[in-house]
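Subject: Handing over the structure

Hi,

Here is the structure I promised to pass on to you. Have a look at it first, and then read on for my notes on what turned up.

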Amino acid sequence: MALIGRFNSLQVVKHTDFGLYLDGGPDGEILLPKRYVPKDEPSDEGDWLNVFLYLDSEDRPVATTLRPKVQVGGFASLKVVEINRIGLFLDWGLPKDLLLPHSEEKRPLQVGDYCVVHVYLDKRTRRITATARLDRYLDNTPPRYKTGQEVDLLVTEKTDLGFKAIIEGQHWGLIHKNELFKFVRSGMREKGYIKEIRPDGKISLSLQPVGVAAVSGLGEQIIAALRAEGGVLALSDKSPPELISQRFGVSKGNFKKAIGGLYKQGLIRIDDDRIELI
């Protein structure tokens, strides 16, 4: 069965002057317009092609080899390109823009704004639709992450505590203010780490490795930097967080722990404005 809003591997059943027809199972033959027929792949009758399916202006299934920015079931930050009485239309990488109905808005948006949405298939119309009301699609299963585990994040919005983020397309998490050692904004995709899973299921996130692994790996980086720069580095435990982040991409807290460990091992000397290799 061909799935609307997703990539499908479908078999070529017929050639025409305006494209290929693919076997869509219960949906019958589905057109892949000529402009999307790949020139570097076999496309004879009986061959299989990987295509994305959506509905055309007459609500008929149609195929494309273009890659949209998100599939049904996924989350993405998309730009508003048009607004009318029906809803908002989002650029998702296909000629036909993606509809975000007014009823699915979470806050007022204007053309040019970006919005994090979930994409679903409307059960009544089979149309691919977006919603900015994300809660119903997240935290539906118990979190089974481990502390320190690396995860994929989609940053969604700023709060008084930090930034909310979607973890692996499944759960909500929070990057607290004290973990924001670099620039972050809504819509950014980042690698993150599980810092804590609270008894109530809420998840705290970090943008850098946590625990012993973070400090030991950073210590090795600092020693390598010292050797590369003649044994002296113009950073210390009193340096601004911004300078530390620019140089090593970590928080000041982790930097202080790392150089503290190197100091205890007798490997470095710490001054107010620099550290030196011993």
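Let's start in a loop: Glu168 sits in the one between β12 and β13. Before going further, please keep in mind that this is a predicted model. Glu168 has a phi near 50°, which is a positive value in a residue other than glycine. With a relative accessibility of 35%, Glu168 counts as partly exposed, because buried would need under 20% and exposed over 50%.

The strands on either side of that loop are partners. β12 covers residues 162–167 and β13 covers residues 171–176, and six bridges pair the two in the antiparallel sense. If you want one pair to click on, take Lys164, whose bridge partner in β13 is Leu174. Both strands belong to a barrel that five strands close, in the order β11-β12-β13-β15-β14, with mixed pairing. Going from one strand to the next, the twist averages 55°.

Glu168 has company in its backbone habit. Arg126 is not a glycine either, yet its phi is positive, at about 65°. You'll find Arg126 in the loop that links β9 (114–121) and β10 (128–131). Its relative accessibility is 31%, so Arg126 counts as partly exposed.

Now for a spot on the inside. Thr64 is found in strand β5, which spans residues 61–64. How buried is Thr64? Its relative accessible area is 0%. The side chain of Thr64 reaches the backbone nitrogen of Leu66 at 3.0 Å. What does Thr64 touch once its neighbours within four places in sequence are left aside? The contacts are Leu32, Tyr36, Val51, Phe52, Tyr54 and Leu94.

Further along the chain there is a second sheet to look at, and this one is open. Its three strands come in the order β16-β18-β17, with antiparallel pairing. β16 (232–233) and β17 (268–270) are the edge strands, each pairing on one side only. β16 is joined by two bridges to β18 (residues 275–277), and these strands run antiparallel. In one of those pairings, Leu233 has Ile275 of β18 as its bridge partner. Helix α3, residues 252–264, packs on this sheet and touches β17 and β18. The direction of α3 makes about 120° with that of β17.

Helix α2 is worth a look too; it runs over residues 241–248, and Ile244, Ser245 and Phe248 are buried there. Seen down the axis of α2, the buried residues fall within an arc of 100°, so they line one face of the helix. Glu242 and Gln246, on the other side of α2, are exposed. Just after α2 comes Gly249, with a positive phi of about 65°.

Last, the charged side chains. How many salt bridges does a search of the whole structure find? The total is 19. One of them links Arg198 and Asp200, whose closest N and O atoms are 2.8 Å apart. Arg198 is partly exposed, with a relative accessible area of 35%. Asp200 is also partly exposed, at 49% relative accessibility.

Arg274 is a good residue to centre your view on, as it has two such partners to show you. With Asp273, the side chain of Arg274 makes a salt bridge of 2.9 Å, N to O. With Glu276, the N to O distance is 2.7 Å. Arg274 counts as partly exposed at 29% relative accessibility, and Asp273 is partly exposed as well, with a relative accessible area of 48%. Glu276 has a relative accessible area of 18%, so with the cut-off at under 20% this residue is buried. Through salt bridges that share partners, Arg269, Asp271, Asp273, Arg274 and Glu276 are joined into one network.

That's the tour, and the structure is yours now.

Cheers

Notes. Residues numbered from 1 in each chain as written. Predicted model: local features only at pLDDT ≥ 70, side-chain atom pairs only at ≥ 80, totals over all residues. Heavy atoms only, no water. Buried < 20%, exposed > 50% of the residue type's maximum accessible area, 1.4 Å probe, protein only. Helix = DSSP H or I, 4+ residues; strand = E, 2+ residues; numbered from the N terminus. Arc of directions from axis to C-beta. Pairing = 2+ DSSP bridges. Contact = heavy atoms within 4.5 Å. Axes fitted to C-alpha atoms, helices over the stretch in contact; angles between N-to-C directions. Salt bridge = Lys/Arg side-chain N within 4 Å of Asp/Glu carboxyl O. Polar contact = N/O pair within 3.5 Å; in protein donor to acceptor, adjacent residues only side chain to side chain.
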